[in-house]
Amino acid sequence: MKFAVAAALLSAVSAPALAADNGRLPTDVAPIDYAISIAPNATAMTFTGEEKVTVNVRKPTRTIVLNAADLTINDARVDGRVVPYTIDKDNQRLTLTLPGPIAAGPHTVAFAWSGKINQSAAGLFAIDYTNNDGSKARMLATQFEAPDARRFAPMWDEPSFKARFTLSAVVPKGQLGFSNMPAVVTKRADGSQVYRFRQSPVMSSYLLFFGMGDMERKTVMSGKTEIGVITRRGVSSQGNYALASAKRLLTYYNDYFGQPYPLPKLDMIAGPGSSQFFGAMENWGAIFYFEPELLFDPKRATVSGKQRIFTVVAHEMAHQWFGDLVTMKWWDDLWLNEGFASWMENKSSADLNPAWDARDAAVGSDREAALNADATAATHPIIRHVETVDQIGEAFDGITYQKGQAVIGMIESVLGPDSFRAGIRRYMAKYRYNNTETDQLWAELEAASGKPVTGFAHDFTLQGGVPLITLTGAKCVGGQTQATLAQGRFGLDAASKKPQTWRVPLRIVTVGGQPVSTIATGPATQVTVPGCGPVLLNVGKGSYFRARYGGDTHAPLIAQYRQLSTADRLGTLADDFALALSDDQAFAVYTRTFAAVPDDASPLEWGLMSNELGSISGIVGEGALRDQVNALTVRKLGPVLARIGYEAKPDESPLVTNLREDLVGRLGAAGDPEVLANARSYFAKLRTDRNAIPPAIRTPILNTFARNATPAEWEQLLALTTAETNPVAKNGYVRLLGAARDDALAARALVLLKGDTLTAQQKPNLLRAVSGGHPDMAFDWAVANADLVNGFIEQSSRAGFLVSLGMGSNDPAMPGKITAYAEKYLPEAARGGARRTIALMAVRKAVADRLRPGVAAWVGGAN
């Protein structure tokens with residue numbers, strides 16, 4: 001699953017806890033294959049279903065226990081005989097009680113039931129949208145990860161209970177039905193259709209998918225595999241880029257994993273809606289995406305949006321092997337799915353699109369996201385113990401995704417790409433169609449490489465936190481450098497600085513020399529490096545730690561800044577900034593590194609500096625100091641934008657195109673009058689031409705306009721939103737309605753949440769947008785209207801969503817308000833999101849207090 005940008009904050013769920021028996025179903029009865037038939041009524045938002053499950057009874061038992069949620073069971077049978085049943089709604093369990101012990105061996109369990117079609121993405125859900133001609137339409141789709149297949153049919157809804165699925169469904173006349181496998185379609189007398197999908201391979205329940213609607217399908221072949229894109233009518237051409245990308249990726253992955261993709265087809269389904277929690281889902285053979293993650297509209301989409309389509313497709317396709325073919329045994333090891341898919345999206349991007357510099361870009365983006373998320377009291381081990389449904393939801397976060405990705409990259413750099421790939425191929429061949437735990441992966445990597453992995457891998461996966469490696473001294477002796485390294489822990493608060501040790505693999509070099517590989521263990525490590533000169537830690541930034549240069553070792557390195565690779569420039573700039581935030585290094589050290597960046601630096605460096613300036617502006621808070629930071633931002637970045645211009649040039653590097661998008665947005669946020677004037681001018685043109693804004697700057701121009709909107713301009717934006725029929729554009733405008741700085745306009749946006757102008761899936765996006773600039777207003781409104789808010793929030797993110805609205809507040813009372821809400825309305829197991837929100841608020845305040853003096857000195861002395 002590719003989680004949405006805001007999903008890192010939505011790390012707790014409000015579904016009931018599972019039973020206290022480790023949260024797991026009994027294993028004495030297991031499914032072998034399901035035959036499921038459903039009949040949806042999209043108008044009534046209900047469906048009926050029947051199923052027959054062949055099960056294996058492993059030992060005699062009088063009870064059969066499986067999962068069900070929000071289903072009305074009308075009939076339950078075992079081997080054709082009606083049996084009594086009970087439903088535990090709190091624990092989402094359905095228990096059949098037999099008159100006597102059932103013998104070990106194969107048996108059949110059958111059910112008939114009715115269920116509801118949800119408005120948000122859980123179980124079977126609806127996506128409402130408007131066609132280009134203004135007519136209303138409704139698409140149905142399913143979302144089952146993690147614990148929501150049980151809302152579709154009674155199931156053994158845990159990843160270790162793999163089985164085969166044969167699905168059939170009644171689909172209205174003229175509509176298209178789609179699932180994991182190809183279908184045979186027959187028409188009934190009333191014009192409706194029965195889709196009978198072929199039996200799936202053995203797979204976990206959360207990977208089953210069904211969808212239907214007034215859709216169209218476009219296909220290409222890659223070897224023996226049919227790749228399809230399914231869209232609402234009239235926009236299938238916008239799937240061409242995704243189709244071409246998927247074809248390239250399928251060839252790449254078939255080779256990399258050493259196992260050919262096993263299904264006859266691979267569909268990519270575009271849903272014209274949105275989610276607070278995810279952007280795409282890796283259902284085997286039927287990957288679901290919300291439209292912005294799959295469809296490329298060259299008239300409106302940016303280059304960065306096009307690149308994101310490739311990486312999301314790459315992420316979800318990597319899951320077809322890591323997650324679908326081989327699946328974690330339990331949610332403790334979710335990172336095996338998500339960390340690897342995140343790493344693979346960047347690796348495939350780098351190999352197939354070298355102009356993107358994906359490996360270098362990840363240093364300043366994904367790597368930084370991981371290190372920052374891992375440096376507060378809110379962190380946790382990559383492999384975390386999971387028992388309840390709430391804890392499953394918490395596992396979908398930045399540690400699982402970005403840190404998992406970083407650790408996998410580190411292991412590849414230690415073993416070497418060829419040995420690492422050989423280990424992955426062994427793992428895939430050995431465990432295909434089965435479930436695994438993390439140590440089984442380590443064993444195959446060790447067997448393929450002949451190098452120890454388990455020990456240092458455990459250090460990075462079984463404990464949270466970030467190592468801090470300090471170069472405490474460097475002495476030239478006989479043409480070699482004797483380097484002394486000290487190990488500590490990097491953290492942004494007291495809890496994250498609690499001492500820990502790691503076995504840290506790293507490469508160290510004198511600038512211009514040959515790197516040496518070593519493992520830093522314990523409090524001190526001595527390393528002999530060929531050559532003499534400034535010492536660089538973590539060459540290429542392939543390892544996972546913060547690097548600090550103590551004593552007189554920093555200045556000589558920065559004097560050679562131009563000689564460093566792009567990855568090492570980015571990593572040094574980022575480490576120095578982070579060390580200032582954590583108070584492990586003076587802010588003035590960072591400013592000297594900042595000043596060393598030349599005017600002809602890589603667009604990736606300028607992008608990182610832009611992000612850091614934006615972070616500083618946000619950290620120092622409202623007031624004169626922020627105004628000074630913003631003025632410095634305009635002085636520093638304005639000339640860069642002037643050099644590259646507002647309009648994209650033919651054949652320019654995608655890095656330049658992405659930098660333009662970033663700079664326009666950053667300068668707009670900093671109050672650059674030129675950018676604001678251009679934003680208003682471009683917006684005025686939208687009245688007569690909906691595509692008037694060049695795609696390269698469309699998003700930041702609209703953001704700048706919305707942030708600075710007057711009441712009259714906000715009304716114009718509302719009118720544009722109401723009239724828009726393109727679902728992607730409309731959803732984007734909805735978010736902009738909540739972006740205004742003006743308090744009265746933010747309150748006006750909240751009024752929309754009580755009406756029917758917006759869909760249930762659009763309302764959370766508007767509320768989230770309001771919280772970005774008005775966290776106190778958004779949180780207080782949501783608490784006062786909690787029933788309304790919970791009605792349009794996905795069940796998998798309710799608890800985490802509401803409490804996170806207050807994240808940006810500087811009101812000392814906000815942590816208490818969040819705690820009071822959580823204690824009153826959330827069960828203990830669902831309060832993780834509240835605790836993390838409060839911890840991150842405390843970190844932000846502490847960082848701001850220690851950073852302000854250094855920032856004031858910097859901007860006061862800057863030209």
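This is a short walk through one predicted model, with stops at a sheet, a helix and a serine.

Okay, ground rules. Residues count from 1 along each chain as its sequence is written, and side-chain values use heavy atoms, leaving out hydrogens and water. Since the model is predicted, local features need pLDDT of at least 70 and side-chain atom pairs count only at pLDDT 80 or more, while totals for chains, interfaces and linings use all residues.

The chain averages a pLDDT of 93 (that's the predictor's confidence in each residue, from 0 to 100). Over residues 5-20, though, pLDDT stays under 50.

Now the sheet. We have four strands (DSSP E runs of at least two residues, numbered from the N terminus) in an open sheet, ordered β28-β25-β24-β30, with mixed pairing; to pair, two strands need at least two DSSP bridges. β28 and β30 are at the edges with a single partner strand each, so one side of each has no neighbour in the sheet. β24 and β30 run parallel, joined by four bridges; in one of the pairs, Ile-469 partners Ala-547 of β30.

On to helix α23, residues 775-784 (helices are H or I runs of at least four). Which of its residues are buried? Pro-775, Ala-778, Phe-779, Trp-781 and Ala-782, buried being under 20% relative accessible area with a 1.4 Å probe, protein chains only. They line one face of the helix, because they fall within an arc of 165 degrees seen down its axis, going by directions from the axis to the C-beta atoms.

Last stop: Ser-179, in strand β13. This serine is buried, at 3% relative accessible area.

Technical notes:
Buried means under 20% relative accessible area, exposed over 50%, partly exposed in between (1.4 Å probe, protein chains only). Contact means heavy atoms within 4.5 Å.
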